[in-house]
Amino acid sequence: MENTPVDTPNQYWKSLDEKYQTPEFLKTLENEFASSPLKSEDGQDGLARRQFMKLMGASVALSAAACVRRPVQKIIPYNKRPAEIIPDLPNYYASSWFDGTQGLGLVVKTREGRPLFVSGNAEHPLNGRGLSARASAHILSLYDPDRLKGPIFNSVNPKKRRNSLRADAKWEQIDAKVAAQLKKGDVALLTASYPSEHTQNLISSFLGKFSGKKYVWDTMTTESLREAQKISYGSAVVPSYHFDKSLLTVSLDADFLGTYLSPVHFTRNFNLSRNPEGKKMAKLISFHSVPSLTALNADDGYQVAASQQLGLALGLLQRVLAGKGSGLTAELKKFALTDEQLGFENGTLTTVAKQLLENSGESLVMAGGIQCETANAINLQLVVNWLNSALGNEGKTITAQSSYQSLEGKTADIFELMKQIDDGKVKTLIIHDLNPVYSLPTSLGFEKRLDKVEMVITTSNWMDETSYLANVVAPAGHPMENWNEFEFAKGVHTIQQPTVRPLGDTRSFEDSLLMWAQAAGSEITPEKTFFELLKKKVSGTVGSEAEWFEYLQKGFRGQVAEGGSARGLSSAAASQIQPVESKVEGLELVIFPTVHMTDGSLANVSWLQELPDPVSKIVWDNVLTLSPKTAKDMGIKDGTVVTVEVNGASLKVPAYIQPGQSNKVAGIALGYGRQAGMELAKNVGVNAAQLIQAIDGKFQYAGQSVKVTKTSEKIELAITQGHNSMEGRQIVAESTFKGYKDGKTGIHRHQIFSIWGQHKYDGHKWGMSIDLNTCTGCSACMVACQSENNIPVVGKKYVLQGREMHWIRIDRYYSGSEASPDAVFQPVLCQHCENAPCETVCPVLATVHSDEGLNDMVYNRCVGTRYCSNNCPYKVRRFNWFYYDGHHRKENLHMALNPEVTVRTRGVMEKCTFCVQRIKDSKNTARDENRSLKDGDIKTACEEVCPTSAITFGDLNDKDSKVSQMFASQRQYTLLEEVNAAPRVRYMAKIRNTDRAMSNGHHGDEKHAPSHDAKDSNKETHT
Amino acid sequence: MSFRHQARLGQLLAVTVALIVGLTSCNWKQFTWGHIGYNTGYAPKQPIPFSHKLHAGDNKIQCLYCHTNVEYAKHSAIPSLNICMNCHLLVATDKPAIQELQKKYFAGESINWVKVHMLPDHVKFNHKRHVHRFSQPEDRYVACQKCHGEVAKMDVIEQISSLSMGWCIDCHRSSEPKGPLNCSTCHH
């Protein structure tokens, strides 16, 4: 693929086919209506073609009788088969992945030497078997066709750099050039936080040799948090949070379930304290500017502007301190906001403070993430520390043990680096793991300063914004191709094993450092490669060779430290809180990360681009989110293009009306608007990093005055969920914790009967239970399903036509007021109905019932009438309108396909199969081992990666199976019970721990007509 | 000439071409109605004239000596070249085909065998399950032959069974115990 970032206009495109100008697309241009496979006025071309086909049919029939077969396929065996590889048997390797702030232990499934699927390492102390959507998707970036295939050398003449005088180079050439440059000294290394002591040691030795300096900056900064920790407790660490021990969590715009720090670990722990069957259930209160995943999962949510975060925290602190018999200084009191100023109902703050006091030592107040990077970011964290210490949470729900010590990015480093460049003290700049030209605002002038550096080296894997301006691009390869060992949280070491040989001519960053030092004549170690170095170091710790292999097999060593004593709050901390008065008038800007895009490093992964944002459900675009009231006042509708202006920087972006957002805030997501190197992500959305403000040596992501101007343009937004309400039907059921304790589940049960006979199941009877109470909507299951089942990506154009292909989707329903709604997430997949409406209408028996209760879909029988989809009450069937599988065939992308699952082609219906290939595999294993299947042997892909184990799959004929027990719970209900399709998938009602009265979607616990009532609420009529 | 005439002429031409193509490319010996398209009797020329008759028949080498995967995996797999070289480092090194094989082996290359038994992508067949099933004492010596025919008598490997769905189902229905008959048994 062309890597040249040519800025020609008309680079916009709507679908992948168009993007890649596939023959299919070109044909659709002249031939087809999008909605009908045939042109209505079937032209001469069509007629001629059909006639030809008719005639040739005879010929094919004759010739196919024996001797001619097309296509002729070849079998190419191994030359020497590696002992560990048996063709088509998967191998599993323990590995890991570091995603900005989050570290995840992985198990990578490989087949014939290529990674196919990642799941969490079940024993890993942080994420367990849970994963994030990004972690499931990062496998596709390994096969990214745009990834550089080898090193690249740009013209050394800085003025000519932009002329893209590029040449693919050999590593030897690069090494020689770099070595000669390094000898001049004055080396600077700009990198992101990287929790590998081995890499860090290597960097220090390397920089020591060339009188260099390291500069660290993170796009998802944790700087304010660390600085405040230092002032309050003496050491600048990112502490560890114990949500499992907290009964009341108050989030001040900290999206700990979605994007903040280590969301998978947090989600997993958070869920542990939320069991509605227990005596106590933890409560989550969210104060947010822009709704995040955390905000939508809150039991009680409140809207605050970013500039009010500090005032709110002080207001809470004032009330908590009052409860403890002390108070704030007059200086701080001035800044504490009241309910009225915040626009809350009277007594809200007092109630929250009271609840916090009641749960002293078992509560947690948290603020953070870039949404909190305002002028008062550090002050906010100081107040939060004070709150936690005053409540006795410090040392209990927050500990310094197992802290995320490796996060060390500083904004000051960026400014220092720029100053050094200005002073001519940087001759060589090595950029690793960062894309500063994209991630920093142009107004900062970082980009221009690159011209002043003699040689800029980047280790980026793409010809991205920074690579484009660098002299040397030395691609470091994908994490799946490289060795490393991480210490994500203190004491928890996790190995990163390569699971594939580098697909291109890439070399890890560490190996490059070793080579460059050696080439420059100042060898760092006698070891030739980073792996040897790593192995020597790690073996020294773990012991013998056998123990090294044991470590590789297990994937991690060490545990999260338990217990520990509370750190004392420094008495000086209070005086360090020096609030800055907000000068915002009108709207203020909040830049936020999204679950799938965050910093945009995986923007070229089509799975993520097509993954609906968990909050807005928008794909292939970023938007300016406005509250319904603000939008109405400004006359803005969904898709109205607006100009956003902050201190001179301006962007044009479509608006989106986001329920539950603060009226004073306009929000925009980071990670979009890639300009170079990533063909798929290019010009998808706009780059919100341009709006970051550098003020007093800090980057402010939130709380700046913003001018939003309406334009006459309109962009159609691809939103996968048209309806936010349940239209009066009971699709999700929910109840309050109190109500549930009184026996109210919020479920309305129907009396139903069937004239059909029942299916008999002698062997297995598969079923799935989905707990809406634990589902946070993180969307990891959607990507895992996509990876497992070869689900194609269709692009924005077709999503707009409702043709997205996800087998599992997550519906998000709002209830309550638009200004502050409650939300429920509901994963919906094929319900494998007993009385499946799809089965009865298929004219060719392409969808039939199996003797284990699966609703089988037979692709090769399907003729594409789409009757089944029409008749499906759950709308889970997906039709291949075009050759969507085409993009899989591109370059390396086909290597990501799972050979166990048929790749569907045009004209075929498809849907969730309950991962039937996994069922078969587990059955085979059990038979080989001469035993019967055990509960838990089979894990569907969605179930496997769910951080909260919200999805449970199993055998309903096994009375002891987990899923059988869940089917017996009083919280279980079926979707659209009244249509009597008798689904195999059951949901567990959501329980909200709130004192408010809930507005239920359907009839709630009320009964509408006596004749219609369920006499026996758990009656199972059909199975 | 009008468009209509042109079209007529085109039709005629197509019919002729179809007949010529059809008749000349057909091996009438193996033609049976009902087996159209199933490739029964397909015996393509291989890049190296490997003879199963010589190896499995005359020299009585066990199937599993070369097709090592068949007990463990879905594919029986064509043996990797190092298995050939177990013998052919020394045996028959004067034959041109063996010299070709050795050349490939030492060059680290492979041989592009022509696939004979081919199932479409939407059919998933598991050798392991079937071999285990047929390796009951009474079936032990016919495990492979049941579907692949008397391979030990074949100079050029040939497809004996139709590998059609009906052929699969026949066995799944009639065998004891019966094989599973769900669609998702083979299609997923």
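What covers the buried residues of H19(A)? The cover includes helix H6 (197-209), strand E18 (484-489), helix H18 (509-519) and helix H20 (545-554) of chain A, as set out in the second legend below.

The model is predicted: local features need pLDDT of at least 70, side-chain atom pairs count only at pLDDT 80 or more, and totals for chains, interfaces and linings use all residues. Residues are numbered from 1 along each chain as its sequence is written, while chains are lettered from A and ligands numbered from 1 in the order in which they are written.

**Figure 1. The antiparallel sheet E2-E3-E4 of chain A.** Three strands form this open sheet; helices (H or I, at least four residues) and strands (E, at least two) are DSSP runs, numbered from the N terminus. Strands count as paired if DSSP finds at least two bridges between them. The edge strands are E2 and E4 of chain A, each of which pairs on one side only. Direction ignored, neighbouring strands of this sheet are turned by 35° against each other on average. Strand E3 (residues 102-111) of chain A is mostly covered, eight of its ten residues being buried; a residue is buried if 20 or more other C-beta atoms lie within 10 Å of its own, exposed if 12 or fewer, and partly exposed in between, with C-beta atoms placed from the backbone. Nine bridges link E3(A) in the antiparallel sense to strand E2 (residues 91-99) of chain A, and A:Ser95 stands opposite A:Leu106 in E3(A). E3(A) is also joined by six bridges to strand E4 (residues 114-120) of chain A, again antiparallel. In E4(A), A:Val118 is the bridge partner of A:Val108, and A:Phe117 is that of A:Lys109. Two residues separate E2(A) from E3(A) in a hairpin, where A:Gly100 in the turn has a positive phi of about 75°. The hairpin of E3(A) and E4(A) likewise has two residues between the strands, and here A:Glu112 takes a positive phi near 50°. Helix H4 (residues 133-142) of chain A lies across E2, E3 and E4 of chain A and runs at about 170° to E4(A); axes are lines fitted to C-alpha atoms, for helices over the stretch in contact, and angles run from 0 to 180 degrees between N-to-C directions.

**Figure 2. Helix H19 of chain A and its buried face.** The 13 residues of H19 (residues 530-542) of chain A reach 18 Å from the first C-alpha to the last, close to the 18 Å expected at 1.5 Å a residue; the expected span is 1.5 Å times one less than the number of residues. A:Phe530, A:Leu533, A:Leu534 and A:Val538 are buried in H19(A). Seen down the axis of H19(A), its buried residues fall within an arc of 115°, so they line one face of the helix; the arc is that of the directions from the helix axis to the C-beta atoms. Among the elements that cover them are H6, E18, H18 and H20 of chain A. Just after H19(A), A:Gly543 takes a positive phi of about 115°.

**Figure 3. The mixed sheet E40-E33-E42-E41 of chain A and the surroundings of A:Ala733.** Four strands form this open sheet. Strand E40 (951-955) and strand E41 (972-973) of chain A stand at the edges, each with a single partner strand, so one side of each is left without a neighbour in the sheet. E41(A) runs antiparallel to strand E42 (residues 985-988) of chain A and is joined to that strand by two bridges; in E42(A), A:Tyr987 is the bridge partner of A:Tyr973. A:Tyr973 is also one of the residues in contact with A:Ala733, leaving aside neighbours within four places in sequence, together with A:Thr745, A:Gly746, A:Ile747 and A:Ala989; contact requires C-beta atoms, placed from the backbone, to lie within 7 Å. A:Ala733 is found in the loop between strand E31 (718-719) and strand E32 (734-736) of chain A. With 26 C-beta neighbours inside 10 Å, A:Ala733 counts as buried.

**Figure 4. Positive phi at two residues, A:Asn683 and B:Ala77.** A:Asn683, although not a glycine, has a positive phi of about 60°. Its place is in the loop between strand E26 (665-669) and strand E27 (693-695) of chain A, and A:Asn683 is partly exposed, with 13 other C-beta atoms within 10 Å. B:Ala77, also not a glycine, has a positive phi of about 70°. The loop that holds B:Ala77 lies between helix H3 (63-66) and helix H4 (81-88) of chain B. B:Ala77 is buried, with 21 other C-beta atoms within 10 Å.

Notes:
Two residues are in contact if their C-beta atoms, placed from the backbone, lie within 7 Å.
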